[in-house]
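Student: Hi! I'd like to walk through this structure with you. Could we start with whatever I need to know before reading strand pairs?
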Amino acid sequence: MFGRKKKLDDMVAQLRPDLSRESLGVGPDFPGVAPNPLLSGDARKRSADLRTGVLALGVLVGWREVNSNPRVVLMFDVETAEGISFRGIADEDLTITELARLAPGQTLPVRYRPAVMDHYVALARDADPARVRQLSDQIASRKRT
C-alpha cells in the first residue's frame, strides 16, 4: 500500500503527459487529475467542497480534453479578493457548445478552497453577476494602487 498514490500519479503522467503537474503548470502540492472522478472518493468530496467555495476570478490559460464526454481540465491564472494569485485547475464536464466557446484570455468566475489551496478550482456557474462585477472591480482597484 505504501507509495500506491505516487505510483498512480506516475502512471497517469506516463499515460497522459499533457496532464502532468509540469504540463499543467502547478507545483508538487497538486494532487493530480483523477483518472475517473466518479470513482474517486477524494474527487467527489473535493467537488462538493468547491461548490460552496470562495468566489475568485480566473483567466483561462488553456485546457486539455480528458475524454469525449467532453471532460476537460481547464487551467486558470486565478486572482482572489484577498490578492492571492495562483494557477488553478478545474476538472469539468462541459457541453460541446461550452467547449466551443472557450478562448484563452477569458475571465470566468471560479470557486476555490482557501483552507486547502491545492490548485483545484471549479467554475462558479451559479455566481451572482453583480457579485462577480464587484469582485472584478475590487481586484482592478487593487492593481491600480
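Tutor: Happy to! Two strands count as paired if DSSP finds at least two bridges between them. Keep in mind that this is a predicted model.

Student: Ok, so which residue stands opposite Val110?
Tutor: Val110 faces Leu123, which belongs to E5. Strands E4 and E5 pair in the antiparallel sense, over 3 bridges.

Student: And what is the strand order in the sheet?
Tutor: The order is E3-E2-E1-E4-E5, an open sheet of 5 strands with antiparallel pairing. Strand E3 (85-93) and strand E5 (121-123) are at the edges with a single partner strand each, so one side of each has no neighbour in the sheet. From one strand to the next, the twist averages 45°.

Student: Which strands does helix H5 touch?
Tutor: Helix H5 (residues 129-144) packs on the sheet and touches E1, E2 and E4. Its direction makes about 100° with that of E1.

Student: Switching topic: is Glu79 buried or exposed?
Tutor: Glu79 counts as buried, because its relative accessibility is 16% and the cut-off for buried is under 20%. You'll find Glu79 in strand E2 (residues 71-79).

Student: What does its side chain make a polar contact with?
Tutor: The side chain of Glu79 makes a polar contact with that of Arg142, at 3.4 Å. Beyond neighbours within four places in sequence, the contacts of Glu79 include Ala56, Leu57 and Ile139.

Student: Last one: which element has the lowest mean pLDDT?
Tutor: That's helix H1 (residues 4-15), at 60, while strand E4 (residues 107-112) has the highest, 97. The chain averages 83, and 81% of the residues score at least 70.

Methods
Residues numbered from 1 in each chain as written. Predicted model: local features only at pLDDT ≥ 70, side-chain atom pairs only at ≥ 80, totals over all residues. Heavy atoms only, no water. Helix = DSSP H or I, 4+ residues; strand = E, 2+ residues; numbered from the N terminus. Buried < 20%, exposed > 50% of the residue type's maximum accessible area, 1.4 Å probe, protein only. Polar contact = N/O pair within 3.5 Å; in protein donor to acceptor, adjacent residues only side chain to side chain. Contact = heavy atoms within 4.5 Å. pLDDT = per-residue confidence, 0-100. Axes fitted to C-alpha atoms, helices over the stretch in contact; angles between N-to-C directions.
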